[in-house]
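What follows is a guided walk through one structure, taken from its helix pairs to its sheet and its aromatic rings. Please keep the sequence and the view at hand while reading.

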Amino acid sequence: MLPYIQFLLEEEIIIKTKFDIILFDLDGTLTDPKEGITKSIQYSLKSFGIEEDRKNLVKFIGPPLHDTFKSEYGFDDEKVIKAVEKFREYFKEKGLYENKIYPGIEALIRELHVNDKKIVLATSKPTVFAEKILHNFSIYKYFDNIVGSNLDGTRSDKEEVIRFAINDYLESDKTSIVMVGDRKYDIVGANNIGIDSIGVLYGYGDLDEIEDSKPNYIAESVEKLANILF
């Protein structure tokens, strides 16, 4: 248990946070999906006769699958559709569960919920898969809304996801909303919309990537993220 959580439980203090509406990315922010995603990509590429070491497939974590298949392997639209279908063939049965929640995340999400914060998932992963992952880690109940991409590949751009995710909170002061993510897509999307952002470094974006995207805050760990949010 994180020290600040233990303190809260012992003192029974309800604390106020700067942000009332907190958007979380999923992969690399709440969970570490490396094993499941890389195995799913490996499975997909093998169907095209491409043998690839899983360590070279970490680049698929974060950006929309369609974009990475195009940029990294030169797939045309038709081939991308087939590649994503093969990816999902493995992912929905096995890859989805080859995943780990980062230590401290469940406690953080629960404490935000206890303090009546609106918790929203904003991910480029298809909503149907994101929901199953949250259920698998028993944190689905803490989320007020879950926004992901559509299975046909639409609404996969992170700015579009974030914009849709805050649609229910348009009457709120934008300074009360923050986006938390581990890649530049999360930060740039938030910046373009005009809300604050927190770049986390325990996921899949390195310091240079996060700094270059200009977040309002940087958190090296889950505990540092908690310190920012509380």
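The axes spoken of here are lines fitted to C-alpha atoms, for helices over the stretch in contact, and the angles between them run from 0 to 180 degrees between N-to-C directions. The model under discussion is a predicted one. With that convention in mind, consider helix α5 (residues 105–114) and helix α10 (residues 222–229), whose axes cross at roughly 15° and come within 10 Å of one another. Because angles under 35 degrees count as roughly parallel, α5 is described as roughly parallel to α10. The crossing of these two helices is left-handed. On the α5 side the contact is made by I105, L108 and L112, and on the α10 side by V222, L225, A226 and L229. Sorted by class, the residues of this contact are seven nonpolar, with no polar and no charged ones.

A second pair is formed by helix α3 (residues 65–73) and helix α4 (residues 77–91), which pack at an angle of about 120° with their axes 9 Å apart. That angle makes α3 oblique to α4, and the crossing in which α3 passes α4 is right-handed. From α3 the residues L65, H66, F69 and K70 take part, and they are met by D77, V80, A83, V84 and F87 of α4. The contact of α3 with α4 thus draws on six nonpolar, one polar and two charged residues.

The third pair joins α7 (residues 158–165) to helix α8 (residues 184–193), their axes coming within 8 Å and crossing at roughly 55°. This makes α7 oblique to α8, and the crossing is right-handed. Here K158, E159, I162 and R163 in α7 meet Y185, D186, G189, A190, N192 and I193 in α8. By class, the contact of α7 with α8 holds four nonpolar, two polar and four charged residues.

Helix α7 also leads to the sheet, since it lies across β1 (21–24), β4, β5 and β6 (177–181), running at about 150° to β4. The sheet itself is open and is formed by six strands in the order β5-β4-β1-β6-β7-β8, with parallel pairing. Why is one side of β5 and of β8 left without a neighbour in the sheet? Both β5 (145–149) and β8 (217–219) stand at the edges, and each has a single partner strand, so one side of each has no neighbour there. Neighbouring strands of this sheet are turned against each other by 20° on average, with direction ignored. Looking at one edge in detail, β4 (residues 118–126) pairs with β5 in the parallel sense over four bridges, and the bridge partner of L121 in β5 is I146.

Finally, turn to the aromatic side chains. Rings count as a pair if their centres lie within 6.5 Å, and by this rule the count comes to 10 aromatic pairs. In the pair of F91 and F129, the ring centres are 5.3 Å apart and the planes stand at 70°, so the arrangement is edge-to-face. This pair links distant parts of the chain, with F91 in helix α4 and F129 in helix α6 (residues 127–136), 38 residues apart.

Note on methods:
Residues are numbered from 1 along each chain as its sequence is written. This is a predicted model: local features need pLDDT of at least 70, side-chain atom pairs count only at pLDDT 80 or more; totals for chains, interfaces and linings use all residues. Side-chain values use heavy atoms; hydrogens and water are left out. Two strands pair if DSSP finds at least two bridges between them. Contact means heavy atoms within 4.5 Å. Angles under 35 degrees count as roughly parallel, over 145 as roughly antiparallel, 65 to 115 as roughly perpendicular and the rest as oblique. A crossing is left-handed if the near helix is turned anticlockwise from the far one by less than a right angle, and right-handed if clockwise. Ala, Val, Leu, Ile, Met, Phe, Trp, Tyr, Cys and Pro count as nonpolar, Asp, Glu, Lys and Arg as charged, and the others, Gly among them, as polar. Rings of Phe, Tyr and Trp (its six-membered ring) pair if their centres lie within 6.5 Å; planes under 30 degrees apart count as stacked, over 60 as edge-to-face and the rest as tilted.
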